[in-house]
Amino acid sequence: MFEGSEHIGRAVRSLRGTVGATIICLIALAAAGGCGTPPRGPVVFYLDGAGYYSSAGKVNRGLRRAGYTGHFERFSWSAYLGPAHDHLVAAKSRYVARRLAGKIEKVRRGDPDGQINVMGLSAGTAVILQALEQLPTGIQVDNVVLFSPSVSANHDLTKALRHVRRTLYATCSPNDRILGSLIVNADGKFGTPAGRSGFRIRRPGAEAETAYRKVVNLHWKPGYLAYDWDGGHTAVTNSKFIAAVVAPRILSSEPYPLDRSVSCRLASRQTGGGS
Amino acid sequence: MSTPRHLIRRGSVRLPCLWHRRLRRRRLAGDPTAGTAVPQVASVLLGRWREMFAFACVLCVIVGCGPGKAYRTGRRAEKRGAAHNAYDAYCRAGRKHPGSSAVASGIKRSGPAAAAFWEDEANAATVEGRHADAWRMWMRVLDIQPEHSIAPGAIRRIERQYPTAIADARAGWLRRGAPSLALANPRGAKPSPDVGVILAARPTESSRVDAVYWEAPLGVAAESTGSESETLVVSGPESVAASDADLGDSMADVAGTDGRRVPGITDEVTTARPEGRSTSVDTVAATQTEDADRAEEGRRKVGEFLVIRTLSKRDHRYPRRARIIDGIAARLKDTDSDLDADIYLYAGDRRIKKIRELPVGQSQTFRGRSGKKYRLTILNVHHKTRTVRIGIKPA
């Protein structure tokens, strides 16, 4: 019995030593591996949709195919309790949005001239818009790409657009059956989701029109069938579409010739010009 | 104990589900009520799967589960070697059948060739100094191939070097989007039967067909002044598809920037020559003269109207009621499949005239508030959308 307790004591001592060594290793790894320093150069933050966690890889592949060499970070915002919970609860969480805003702020402060693009799918777009609204004054991202946004088409973007340097793109398609079946949008508002009709200026005015010059709705068209986007909700994240349609817009430093902002369309309607 | 063979209907599918097993058990136990309602119906339906399959096939053939007429048009154009027309047709098919893999592969196949076609045309237009056309063509290239490596640079270069030359084209683009690019016509373009034809606005027999009307948007529409007359384009739907990329954009947007004469289209009319560039010079010259005469005739005839308005019950781009002239408003009551229209005329809120079943090409007179007499003519009726185009001239 005495010999047995001695063995146990020795085992406990050796275990304590191992645990201590492991903790030290972890701290060293964290310090070296960079939970401290934010990435420099071009960064893309990507947010998946509600209950759909496999689009990041396709988007990443598409960007790489188009020649993107920067950092790609998938921001996990889901509670992993299913799509309904993500859509109705997690997407509206101020805490999650603050976490994303904190990340963006950290990267921007670390590299004031670096390119930061934020992309999201479906309910992830609600988190993005909320995070942009929470960013401190003077912190801006370069481009925002909202794939099939499940936020209301009348969502007021003016506050979020203050933190966008260049353009906010939103893909939309009338063939999106998932968005067509939504009762309430991920931002908690009712009405047509932006992913079906595109964003609209809710209250036209000088300020809103100036802000919405940065908003470009990418409407689905049959030509996109060649890039594997048939207008479906998640098909928009196909790597071919990303490489051909999205990447040229966000990777170039100049405005894309085909872009027509929401303000342009509104002005044309007011002058009786058409669409 | 095994299931007696006579209890299993011949040709039926043995379902591994619970209800089927229970049913068999009850039948074996001699329950006379077993196998009623749903299980029986399902069993019968499944038992006749061959008949049902044949019925589904027949249904598919009759109703058509294929990508449709536009797709077939695209296939024909592709076989002809007209990739840009094929692309347009496939796009039109794609709008109706976005899930069709045949259409998708058609677009994939014809896209690069169509882009190459427009690229060639853009280069030719640049050489000939038609910078607005060149700009539109490069935009089409980019529209077809968004990842095109040269097009964005070419567009920016034209925008920098010839801002005044492309001002109208650019304004049209900003106003109407992709449909405005359809004004870019290829060299020596002669509208094929698939693509459509350019016609004068005068109501003719050909305008009675159930065609798609490209016309000036309302509000800025069609008031020809002085010698400047309007050229209207009546076209088949083929050339629409590629251009109307924006879902909200309409075919109506394709015509003139401000509803007046469209230089690009008129130029096309006057210079149009048959396809195939090996045509002899004399033939080309003769055709050009003929076309020029026809265009001139068209313009003269269009110019006789003071106002041209489009009214519609179903096409929400157009109002149902609109002011026409001299304080008089016209309200479309209805159209008929015989291509006639019922129109009411109002002076303020007071109805002054009912025009009943007025066919295309016929006219009726009315007096304006000033007492002056005018003649209202039905120019076109598009019954499917309950749309009518009317022209007003002094009586």
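1. In what order do the four strands of the open sheet in chain B run? The order is β4-β5-β6-β7, and the pairing is antiparallel. Please keep in mind as you read on that this is a predicted model.

2. Let's look at the borders of that sheet. Its edge strands are β4, residues 321-325, and β7, residues 350-359, both in chain B. Each of these pairs on one side only. Going from one strand to the next, the twist averages 30 degrees.

3. Now for the β4-β5 pair. Strand β5 of chain B covers residues 328-335, and β4(B) pairs with it in the antiparallel sense over four bridges. If you would like to trace the register on screen, Arg323(B) stands opposite Ala329(B), while Ala322(B) stands opposite Ala330(B).

4. The turn here may be worth a look too. β4(B) and β5(B) form a hairpin with two residues between them. In that turn, Asp326(B) has a positive phi of about 50 degrees.

5. On to the nonpolar cores. The largest one has 115 residues. Val127(A) and Trp138(B) are the residues with the most contacts inside that core.

6. Which residues does Val127(A) touch, leaving aside those up to four places away in sequence? They are Leu47(A), Trp77(A), Ala91(A), Val96(A), Ala97(A), Leu100(A) and Gly120(A). There is also a second, separate core of 26 residues, which includes Ile328(B), Leu332(B), Ala341(B) and Ile378(B). Two of these names link back to the sheet: Ile328(B) and Leu332(B) fall within β5(B), residues 328-335.

Key. Residues are numbered from 1 along each chain as its sequence is written. Chains are lettered from A and ligands numbered from 1 in the order in which they are written. This is a predicted model: local features need pLDDT of at least 70, side-chain atom pairs count only at pLDDT 80 or more; totals for chains, interfaces and linings use all residues. A nonpolar core is a set of buried Ala, Val, Leu, Ile, Met, Phe, Trp, Tyr and Cys residues joined through C-beta atoms within 7 Å. A residue is buried if 20 or more other C-beta atoms lie within 10 Å of its own, exposed if 12 or fewer, and partly exposed in between; C-beta atoms are placed from the backbone. Two residues are in contact if their C-beta atoms, placed from the backbone, lie within 7 Å. Two strands pair if DSSP finds at least two bridges between them. Axes are lines fitted to C-alpha atoms, for helices over the stretch in contact, and angles run from 0 to 180 degrees between N-to-C directions.
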